[in-house]
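I opened this two-chain entry to take notes. Confidence comes before contacts, and strands come last.

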Amino acid sequence: MSSDTVTIPEASDSAPRPAAPVDRADGLPLLVIEPAPGWRPINLRELWRYRELLGFLTWRDVKIRYKQTALGATWAILQPVMTMVIFTLFFGRGAGMAQKTPGISYSLFVYAGLLPWVFFTSSITNAGTSLVNNQNLVTKIYFPRLMMPLSSVGAAFVDFGIALVLLIGMMIWNQTGPGIGILFLPAVIVLMSLLSVGVGALLAGLTVAYRDFRYVVPFMTQMWMFVTPIIYPTSIVPKELRWLWGFNPMAGLVETFRYAFLNWPSDWTPQTFLMSGAISICVFFVGIFYFRRVERTFADIV
Amino acid sequence: MGCPVIRVENLSKQYRIGAREVRYKTLREALVNLAAAPYRRLRDRGQRATQSDSVWALNDVSFEVQPGDVVGIIGRNGAGKSTLLKVLSRITEPTKGRVEIRGRVGSLLEVGTGFHPELTGRENIFLNGAILGMSRAEIRRKFDEIVAFAEIDRFLDTPVKRYSSGMYIRLAFAVAAHLEPEILLVDEVLAVGDASFQKKCLGKMGGVAREGRTVFFVSHNMGAISNLCQKGIVFEHGKIAFEGTAREAIERYHRTILDCDERRNGLPPHVLYHAPENEAKHDYSVTRIEMLDMDGNPKEVLSTWDDVIFRVSYCCNKEVRTGSVELSFAPVEGGRLLFLATQPDGTLPLVFTKGEHSVDCILERFPLSAGTYMLSSALAIPTVQWLWKGQDLTAMTVAPCDVYGSGYAPKASRSLLAVPHQWRVVSKASEARVP
């Protein structure tokens, strides 16, 4: 053994060992591959090394979504816009929701709420099936598997960006501007990304093991939408039950997003926002850690 | 001697199979299992059928590779070669043991990984390159070389789904061939494409090896192994059976196949090959090869110039519009000798439908001399791609027969082929007849 080789102690089964490169005297990174049961931390250095791949995978997801379509990228706007139109017709006029949101156009109200929501659902639905759909990649090539749900979130982000442009356009047309709430925008975007990555990673891991999750998710998001104040303002929820809404992280994030853009005496409360933020961060860590834990079985069972 | 670039210590990989197989489940099954667990534990007490539960694809494997080694890994199907590459590529985790790797690893377990049919050739080069681990700058730098190697300049901006399969393979390999890792792991990917392309690929691999990179090459192509590799490792049932020079490894491998006792267990002598259990998991596979005489009865001994029927039975789980069955005989030391196929060489179009089927290859006057030959078989879409390849399935002996009436039966050590011929002395009279 040459003198510059450091003896690495034998791994016991209980100690988690990430396969992290450690630089050696001869300049080449040393990689150790060992069974590592248990919980494993996120390998940030590796994720950084593969950052270009993340860009390519996101680009691929976005590109193939719109290839050979007649409308191309306008689909990114079409979904929230069509939903907004339908909601305005049925809930705004038909169910009289427009009365519940005085001082603001109901369409704008709904659209502003839809944006983060569509980002969230499209992230988690695509992330959930990302590993199963890319089975050939998972079984033949190594890359940090987290890239797959991350690229779904990335692609949803691109759509979000496009739809946001329309929101700004609508606001200009309605002659409304943001108020002080705009300061919360960066926080909302970060939190909603964390939440999406967390739930996405969780679902991705679950779908590999239990295939029926891919059918559960669309149903789940439908139900979830009704407990999120998109169609209705939180003000119609009776005060005694409003604390329950705090458990839905998307509720707080949607409210805050609206507050950021629409300068409207809204029912935004800092409590809901903080609760949503805390839950989002927790879900992020839970999702990532679960993913890392089951990651090693992916190639064998996907 | 410097530090080894790869060190493997007591590596083991276990796969669960059969009833306890951890394949994907549905939630419903998982919940039912959970509910039934206590009952099942009671019932199974004392009936631990662990033998059929799991298989050790790799069993306590240890070896070292020095920088610059070109190592050939050979062994029968299912011996654990591909599993080893998967573990070294970090695609699957070992169950026990440890691997130390020094340097960047590039894995070629399959060509065209990540190719998306909707994207153009240009876009796929970047995507595939990124997936294989190249940076965007690197791909841009090598872009022209890649396109030149693949010979697809005119089709760069067409979606890949419009490419012919030949173009697809060429492009896929071109990207992979320009990987420049310190350690290259290659898994039988060179067995694709036409002859000129294969030569190009082998040439490129040779170039990579000469540059001093470490190469791990899994293949059934003994010719490629002996040309490219200096070291060879033979795998058998998940363990290393032999480690030494490439030449010695090839000999050891052939000796294993010639050791008929191991596999003949109860097979009647006219059955040349009968597939092991786990071959059935493939979409297509040859299940049995038998020898029959012209009346359809089992033929136990084959001699030179015998009339013989080789019956190849195969099983398909998917349909193929045009399929072909191939049978080939090769000398023990490797190389090519006799190759027979229903198409394109032969004239029997086949449609592969689901189920078990058989074809007969009727050979009058079997042309091989007395000796031992390696039998291989394959299922393919003629001139397009292989569906299943069984290289060196079994060793087969041809018995001597004095076909020339000279008292000397032709032997493989003198001449592999025994052709009908005559000798005569040229007399003045016969000379005049020839213009």
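**Confidence.** I began with pLDDT, the predictor's confidence in each residue, from 0 to 100. I need it here since this is a predicted model. For chain A I read an average pLDDT of 81. I also noted that 88% of its residues score at least 70. Where in chain A is confidence lowest? I found the minimum in strand E1 (residues 22-23) of chain A, with a mean of 40. Helix H7(A) is at the other end, with the highest value, 93. I then checked residues 1-25 of chain A, where the pLDDT is below 50. In the model this stretch still has 31 contacts beyond near neighbours in sequence. I keep in mind that coordinates with low pLDDT should not be read in detail.

**Where the chains touch.** I looked up the contacts between the chains next. I noted 35 residues of chain A in contact with 41 residues of chain B. On the chain A side, at least two residues each come from strand E2 (29-33), H2 (51-66), H5 (135-140), H7 (185-209) and H12 (298-301). Which of them gives the largest share? I found that H2(A) does, with 6 residues. By type, I read the chain A side as 19 nonpolar, 5 polar and 11 charged residues.

**A pairing across chains.** I followed E2(A) into chain B. E2(A) runs antiparallel to strand E4 (residues 96-102) of chain B, and 4 bridges join the two. Opposite A:Leu30 I found B:Arg102 in E4(B).

**An open sheet in chain B.** I traced 4 strands in the order E10-E11-E12-E16, paired antiparallel. The edges are E10 (271-274) and E16 (355-363) of chain B, each pairing on one side only. I read an average turn of 20° between neighbouring strands, direction ignored. Between E11 (residues 284-292) and E12 (residues 308-316) of chain B I noted 8 bridges. B:Arg288 has B:Ser313 in E12(B) as its bridge partner.

**Strand E13 of chain B.** I then listed the partners of E13(B). With E17 (residues 371-381) of chain B, E13(B) pairs antiparallel over 8 bridges. B:Pro331 faces B:Tyr373 in that pair. With E15 (residues 350-352) of chain B, I noted 2 bridges, again antiparallel. There B:Val320 stands opposite B:Phe352. With E14 (residues 338-341) of chain B, I noted 4 bridges, also antiparallel. B:Leu327 has B:Leu340 as its bridge partner in E14(B). How many residues lie between the strands in the hairpin of E13(B) and E14(B)? I found 6, and B:Gly334 in this hairpin takes a positive phi near 100°.

How values were computed. Residues are numbered from 1 along each chain as its sequence is written. Chains are lettered from A and ligands numbered from 1 in the order in which they are written. This is a predicted model: local features need pLDDT of at least 70, side-chain atom pairs count only at pLDDT 80 or more; totals for chains, interfaces and linings use all residues. Two residues are in contact if their C-beta atoms, placed from the backbone, lie within 7 Å. Ala, Val, Leu, Ile, Met, Phe, Trp, Tyr, Cys and Pro count as nonpolar, Asp, Glu, Lys and Arg as charged, and the others, Gly among them, as polar. Two strands pair if DSSP finds at least two bridges between them. Axes are lines fitted to C-alpha atoms, for helices over the stretch in contact, and angles run from 0 to 180 degrees between N-to-C directions.
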